[in-house]
Amino acid sequence: MTSGQGPSAGDPTLRRRIEPWQFEASFDPRQLRRETCLLSEVQWGTSPRAWRGCSLNTARHAEVSFMDRLTSEGRLRGPVRCSITWFLSWSPCGACAQAIGEFLRQHPNVSLVIYIARLFWHVDEQNRQGLRDLVTRGVRMQVMSDPEFAHCWRNFVNYSPGQEARWPQVPPVWTWLYSLELHCILLNLPPCLKISRRHHNQLTFFQLILQNCHYQAIPSPVLLASGLIHPFVTWA
Ligand SMILES: [Zn+2]
């Protein structure tokens with residue numbers, strides 16, 4: 001791919017790329033779009049080559065469809081290490097988290113990294129427990145920020161010529177809002193993020209409600225990055 005020209009017509013990944021509007025609509029953390037979009041990268045052994053794909057929720061959740069497809073290819077039965085990276089518009093639900101856990105138990109040669117744009121029904125205790133279980137199983141989970149949006153744009157989106165550097169700019173506030181809540185989930189703290197929707201005018205409200213336990217348990221660098229606490233300064 002040549003910088004500034006867009007994915008070339010001969011690019012074998014072209015047919016698997018999604019349109020810019022679809023990427024923006026699916027991954028913008030401010031929009032609570034219904035369906036899940038899953039962008040995936042699979043690497044085998046030490047090969048730097050990544051096999052990329054995109055799946056959407058159908059009658060089944062995108063994560064389950066992905067695992068079934070990979071399992072049916074038969075390559076997971078071999079001894080070769082398989083590294084999977086997912087960019088998910090919504091974090092896995094409780095049922096998917098259970099299925100992912102089972103998939104990883106059956107395939108110990110697989111490692112999984114999940115980047116999420118939003119947390120799915122994050123106050124539901126089954127969903128919260130599911131994410132904790134995944135991390136306990138060794139899954140690395142992180143909220144998408146600018147480098148991930150740029151990576152997805154360049155590798156999964158059918159952007160127009162000259163638009164290689166025009167990925168959607170998401171204000172950092174959204175990354176740290178969801179990062180704070182992900183910390184609450186993983187540390188087994190009560191939710192600190194409240195999302196409410198007014199149906200009559202389709203407005204969504206995001207509100208942070210922090211308790212003492214949040215200040216005490218969430219790592220200081222995370223609180224500092226979000227501007228919720230300030231570095232201690234002494235004057236000489
Ligand atoms: Zn699910």
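**Close-up views of a predicted model**

**Figure 1. Alanine 95 is partly exposed, as 14 other C-beta atoms lie within 10 Å.** In this predicted model, alanine 95 belongs to helix α3, which spans residues 94-106. A residue counts as buried only if 20 or more other C-beta atoms lie within 10 Å of its own, and as exposed if there are 12 or fewer; the 14 found for alanine 95 therefore place this residue in between. Valine 173 lies 78 residues from alanine 95 along the chain, and the C-alpha atoms of the two are separated by 29 Å.

**Figure 2. Helices α3 and α4 are roughly parallel to each other.** The axis of α3 comes within 8 Å of that of α4 (residues 125-136), and the two cross at roughly 20 degrees. Angles under 35 degrees count as roughly parallel, which is why this description applies to α3 and α4. The crossing of α3 with α4 is left-handed. From α3, the contact involves Gly94, Ala97, Gln98, Ile100 and Gly101, which meet Gln126, Asn127, Gln129, Gly130, Leu131, Asp133 and Leu134 of α4. The residues of this contact comprise four nonpolar, seven polar and one charged.

**Figure 3. The buried residues of helix α5 lie on the same side of the helix.** Within α5 (residues 146-156), the buried positions are Glu148, Phe149, Cys152, Trp153 and Phe156. These residues cover an arc of only 135 degrees around the axis, and therefore share one side of α5. An α-helix has 3.6 residues a turn, so residues three or four places apart point the same way. The elements covering the buried residues of α5 include α1 (20-27), β1 (37-44), β2 (51-56), β3 (82-88) and β4 (110-116).

**Figure 4. Helix α1 packs its buried residues against β1 and α5.** Phe23, Ser26 and Phe27 are the buried residues in α1. Viewed down the axis of α1, these residues fall within an arc of 80 degrees, so they line one face of the helix.

**Figure 5. Phenylalanine 87, in strand β3, is buried.** The classification follows because phenylalanine 87 has 25 C-beta neighbours inside 10 Å, whereas 20 or more suffice for a buried residue. Apart from neighbours within four places in sequence, phenylalanine 87 is in contact with Leu39, Tyr115, Met144, Glu148 and Cys152. Of these partners, Glu148 and Cys152 are among the buried residues of α5. Arginine 128 is 41 residues from phenylalanine 87 in sequence, and the C-alpha atoms of the two are 19 Å apart in space.

Key:
Residues numbered from 1 in each chain as written. Predicted model: local features only at pLDDT ≥ 70, side-chain atom pairs only at ≥ 80, totals over all residues. Helix = DSSP H or I, 4+ residues; strand = E, 2+ residues; numbered from the N terminus. Axes fitted to C-alpha atoms, helices over the stretch in contact; angles between N-to-C directions. Parallel < 35°, antiparallel > 145°, perpendicular 65-115°, else oblique. Left-handed = near helix turned anticlockwise from the far one by under 90°. Contact = placed C-beta atoms within 7 Å. Nonpolar A, V, L, I, M, F, W, Y, C, P; charged D, E, K, R; others polar. Arc of directions from axis to C-beta.
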